[in-house]
Amino acid sequence: MAEQREEKPEYFRDALADFMHDAASGDAVRHLVDLGYTTNAILQRLDFPTPRERVEKAVYRRLIEKGVLLEELPVPEDSLRRIRLDVPRGPGEGQVRLMRILRGQIQDNEEEHSYAACPFGTIRRNREARLAAMLDCLTTRERDYLLGIPWPPRVIYHRLDSRMLEMAVCLATQPGREWRFYFLGKGETMAINAV
């Protein structure tokens, strides 16, 4: 019984904090996410001091609301036709080829039905150095964007918009990990290996 009494004040305190955050900066955060700002850039633009963790959660919620992030695919993965593609690793020919292939798939499926699997939450836990090495090919702004999302400890799917397409091509042409893309309009999944 005593445990329940202790939980209630925490619940109400958290609910009040969420309400205050939403009233003070929630609309601004959502607007800045819609404009493409990273979490770091949003934190610099807010007039009301807001903890980073709260802004990250608001960014994540907004990306989910807009369908930029999917927590689950809308169809079972095993129902998708599988395509496997090996590309040359590193910048150059492999990136040009992969960009051309992915743009074609996005055009055929529409952006709203094209996603990249993002395993960042599975890597972040206790392996920050490994994640930093994986993201090393990205620009500072691209790293800020990805690291400003509080990835849950599972694979999440990011829409292949122009921002994610650039990052995905860079990441998928790095050796050591297979990258998966999902084209739901045509019911396909594509596994990319850099060789």
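Contact here means heavy atoms within 4.5 Å. The model is predicted, so local features need pLDDT of at least 70 and side-chain atom pairs count only at pLDDT 80 or more, while totals for chains, interfaces and linings use all residues. Residues are numbered from 1 along each chain as its sequence is written, and side-chain values use heavy atoms, with hydrogens and water left out.

**Exercise 1.** Work out what share of the chain's contacts with a separation of 6 or more joins residues 24 or more positions apart, and set out the fold.

*Solution.* Start with the contacts: 70% of those with a separation of 6 or more link residues 24 or more positions apart. Next, the elements, which are DSSP runs numbered from the N terminus (helices: H or I, at least four residues; strands: E, at least two). The protein chain has eight helices and six strands, and their order along the sequence is α-α-α-β-β-α-β-α-α-α-β-α-β-β.

**Exercise 2.** Check the span of helix H4, then find which face is buried.

*Solution.* Step one: the expected span is 1.5 Å times one less than the number of residues. For the 17 residues of H4 (93–109) that gives 24 Å, and the end C-alpha atoms are 24 Å apart, so the two agree.

Step two: sort by accessibility, where buried is under 20% relative accessible area, exposed over 50%, and partly exposed in between (1.4 Å probe, protein chains only). Gly94, Leu98, Met99, Leu102, Gln105, Ile106 and Asn109 come out buried. Down the axis of H4, these buried residues fall within an arc of 135°, so they line one face; the arc uses directions from the helix axis to the C-beta atoms. On the other side, Glu93, Val96, Arg100, Gln107 and Asp108 are exposed.

Step three: look at the cover. Among the elements over the buried residues of H4 are strands E2 (81–87) and E3 (114–118) and helix H8 (162–172). Right after H4 sits Glu110, with a positive phi near 75°.

**Exercise 3.** How do H7 and H8 cross, and which residues of each make the contact?

*Solution.* Fit lines to the C-alpha atoms over the stretch in contact, with angles from 0 to 180 degrees between N-to-C directions. The axes of H7 (residues 140–147) and H8 come within 11 Å and cross at roughly 100°. Angles of 65 to 115 degrees count as roughly perpendicular (under 35 is roughly parallel, over 145 roughly antiparallel, the rest oblique), so H7 and H8 are roughly perpendicular. Arg141, Glu142, Tyr145 and Leu146 of H7 meet Arg163, Glu166, Met167 and Leu171 of H8.
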